[in-house]
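Welcome! Let us take a friendly tour of a protein model, stopping at a few spots worth a look. Keep the structure open and turn it as you read.

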Amino acid sequence: MTDDANRSAPFLAANGARDVELTATDATVPAMNGEGPAPDADVRRKNIKAMFAFQLFISLAWGTAMGPIFDKYLYLLGSGLARGPMLFPVNRANSLVGVAESVSGITSLIAAIPVGYVVDRRPDQRAHLLRLSTGIALLAVICGIVVVATDEMIVVFAMLICFGLFMELASSASEAIFADSIPAGERAALFVTKSVISTVGAACGPGIAAVGLALLGDKWEPYQIKIIMVLGLLLMLPTILPLFIFHDPKLSPVANGVNGASPESRQSTEDAESAQSSPISRARLKCLNSKHVPFILALSDFITCIGAGMTVKFFNLFFIQDEHFSPVAISLLQTAYPLVIAGFMKITERLAKPLGRPQASLTFFSLNVLCLLLMAEVRWLPALLLVFLVRGGMANSTYPIDRSILMDFTPSSQRGMWNAVSSLTSMTWSGSAFLGGVLSDARDYRYTFLITALVYASACLVYLPLLYLVPRKEKEAANASVS
């Protein structure tokens with residue numbers, strides 16, 4: 001469960017992730033430097049490093065160009081700056097922010113299933129798909145430059161569609177390669193490291209924007225906003241370079257089963273575990289078993305996204321409009337926000353070892369519900385900021401833990417499909433953003449906080465069965481997913 005639409009290797013050791021031994025197979029793949037075949041273990045290590053680099057660069061660029069600066073730009077467009085056909089009520093600025101987010105969501109909805117199908121159908125062509133996605137990224141950057149020059153709404157939507165297609169294809173294929181490059185039972189640490197790197201990049205983006213805005217005068221003038229947007233769009237260009245480093249790892253015959261088990265080996269494992277009467281093999285909850293873990297995660301995320309869309313997209317505008325934050329102030333807040341999330345991710349990872357991954361995830365996300373209720377009532381700004389940062393850290397620190405659970409309980413041949421399911425839930429986030437904009441215009445931002453808290457509480461109830469279905473120890477979870 002996470003409330004950011006998330007939902008980004010030299011940093012491996014620096015972030016405390018343990019070194020992972022990647023077992024080489026006899027097969028080889030083409031070397032990345034053209035000097036002959038490279039051992040598969042080397043390809044897997046390079047894939048991990050490429051994923052870290054991609055997450056850092058895309059988060060940095062996105063945080064600069066499409067962070068609070070872009071939210072305010074959309075608000076200005078909705079207040080009369082926009083040109084061209086108007087697809088929203090005049091002078092209803094919050095509604096435009098929701099409409100823009102819905103465009104991204106509809107793009108994900110349309111693209112998710114075909115992208116997931118292609119990623120699963122040809123697991124040996126995922127790296128090629130990443131290279132194809134770079135052309136879409138370049139088109140999105142060009143559209144962004146045109147948007148800054150013209151303020152045309154049609155071009156704004158074209159940019160959002162192109163970015164949506166790029167992120168859908170690049171994230172689905174890279175995530176599948178990344179998961180295939182890590183042995184089962186060892187994913188949690190590297191998934192946390194990946195998310196920490198992504199959040200650090202997301203913090204640096206608004207930090208760059210803050211410096212630029214301070215130099216430009218720290219006013220909400222359109223030309224200042226546009227200069228920072230152009231800077232962020234140009235930072236998108238080096239983002240595509242790591243995508244050329246990815247190569248498809250050579251999967252052994254057992255890699256198409258859950259956690260590296262073929263159908264035959266799964267049956268033999270089931271027989272062996274049944275004979276031993278292992279508690280793991282008997283993990284049942286009424287009619288639920290380990291096969292239902294991905295479905296429970298997806299349903300919980302779906303409900304979470306309904307609540308998140310109504311609130312998360314409007315946090316920046318809440319502080320800008322209601323608390324009168326300046327451009328530098330909101331950029332500095334959005335610099336601190338991801339850093340707090342990164343810190344909480346490491347705390348969640350450490351707590352997950354003795355408590356269990358679902359136990360740690362549910363504990364932090366439940367506390368986030370209480371923080372939302374406080375945000376709806378607290379008026380003193382220092383206390384409000386503290387609650388906001390702690391809430392964000394708790395709510396978003398659970399993402400890498402839940403992703404590692406999902407990858408442990410899905411075979412390589414279905415990872416594209418489950419990434420598509422994640423995108424479909426993100427579409428819900430985008431669709432409810434439109435509702436959040438309407439509610440914010442009709443009532444206020446704090447009213448949406450209360451509604452989101454209730455929706456989040458429902459997601460926690462759906463998540464509860466995982467406390468029993470997923471073993472506390474990650475190594476045991478790998479065995480449980482086989483059975």
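The report below goes from the whole chain to its salt bridges, a cavity, a surface patch and some single residues.

## The whole chain

What you see is a predicted model. The protein chain has 19 helices and two strands. Of its 483 residues, 59% count as buried. The accessible surface of the chain comes to about 18,800 Å², and 66% of that belongs to carbon and sulfur atoms.

## Pairs of opposite charge

Side chains of opposite charge can pair when their charged atoms come close. In this model the count comes to nine salt bridges. One of them joins the side chains of Asp180 and Arg126, with 2.7 Å from N to O. This pair links distant parts of the chain, since Asp180 is in helix α6 and Arg126 in helix α5, 54 residues apart. Both Asp180 and Arg126 are buried. Together with Asp120, these two residues are linked in a network of salt bridges.

Glu175 and Lys194 form another salt bridge, where the closest N and O atoms are 3.5 Å apart. Here, too, distant parts of the chain are linked: Glu175 sits in helix α6 and Lys194 in helix α7, 19 residues apart. Glu175 counts as buried because its relative accessibility is 5%, and Lys194 is buried with a relative accessible area of 3%.

A salt bridge can also sit within one helix, as Lys346 and Glu349 show: both lie in helix α12, three residues apart, about one turn of the helix. An α-helix has 3.6 residues a turn, so residues three or four places apart point the same way. The side chains of Lys346 and Glu349 meet at 2.9 Å, N to O, and both residues are buried.

## A cavity and a surface patch

Rolling a probe the size of a water molecule over the atoms shows where empty space is left. The second largest cavity holds about 30 Å³ of space. Its lining is made up of Ala137, Leu138, Val141, Phe166, Met236, Leu237, Thr239 and Ile240. Seven of these residues are nonpolar, one is polar and none is charged. Helices α5 and α8 each supply at least two residues of the lining.

On the surface, Leu138, Ile145, Leu234 and Leu237 form a nonpolar patch with about 310 Å² of accessible area together. Helices α5 and α8 each supply at least two residues of this patch as well. One of its members, Leu234, has its place in helix α8. Leu234 counts as partly exposed because its relative accessibility is 45%, and partly exposed means between the cut-offs of 20% and 50%.

## A helix inside, and some single residues

Is helix α15 enclosed or open to the outside? In this helix, residues 399–408, 10 of the 10 residues are buried, so it is largely enclosed by the rest of the structure. Among them are Tyr399, Arg403 and Asp408.

Two loop residues also deserve a stop. Asp151, in the loop between α5 and α6, has a phi near 60 degrees, a positive value in a residue other than glycine. His324, in the loop between α11 and α12, likewise has a phi near 60 degrees. Asp151 is buried, with a relative accessible area of 5%, whereas His324 is exposed, with 66%.

Finally, find Leu381 in helix α14. Its C-alpha atom is 8.0 Å from that of Glu323, although the two are 58 residues apart along the chain. Leu381 is partly exposed, with a relative accessible area of 28%.

Terms used: Residues numbered from 1 in each chain as written. Predicted model: local features only at pLDDT ≥ 70, side-chain atom pairs only at ≥ 80, totals over all residues. Heavy atoms only, no water. 1 Å grid on protein atoms, 1.4 Å probe; cavity = no way out; pocket = protein on both sides within 12 Å on 5 of 7 lines; lining within 4 Å. Points joined across faces, edges and corners; volume = space filled by probe spheres on them. Helix = DSSP H or I, 4+ residues; strand = E, 2+ residues; numbered from the N terminus. Nonpolar A, V, L, I, M, F, W, Y, C, P; charged D, E, K, R; others polar. Patch = residues over 30% accessible without salt bridge, like charges linked within 9 Å, V, L, I, M, F, W, Y side chains within 5 Å. Areas by Shrake-Rupley, 256 points an atom, 1.4 Å probe, with all protein chains shown as cover. Salt bridge = Lys/Arg side-chain N within 4 Å of Asp/Glu carboxyl O. Buried < 20%, exposed > 50% of the residue type's maximum accessible area, 1.4 Å probe, protein only.
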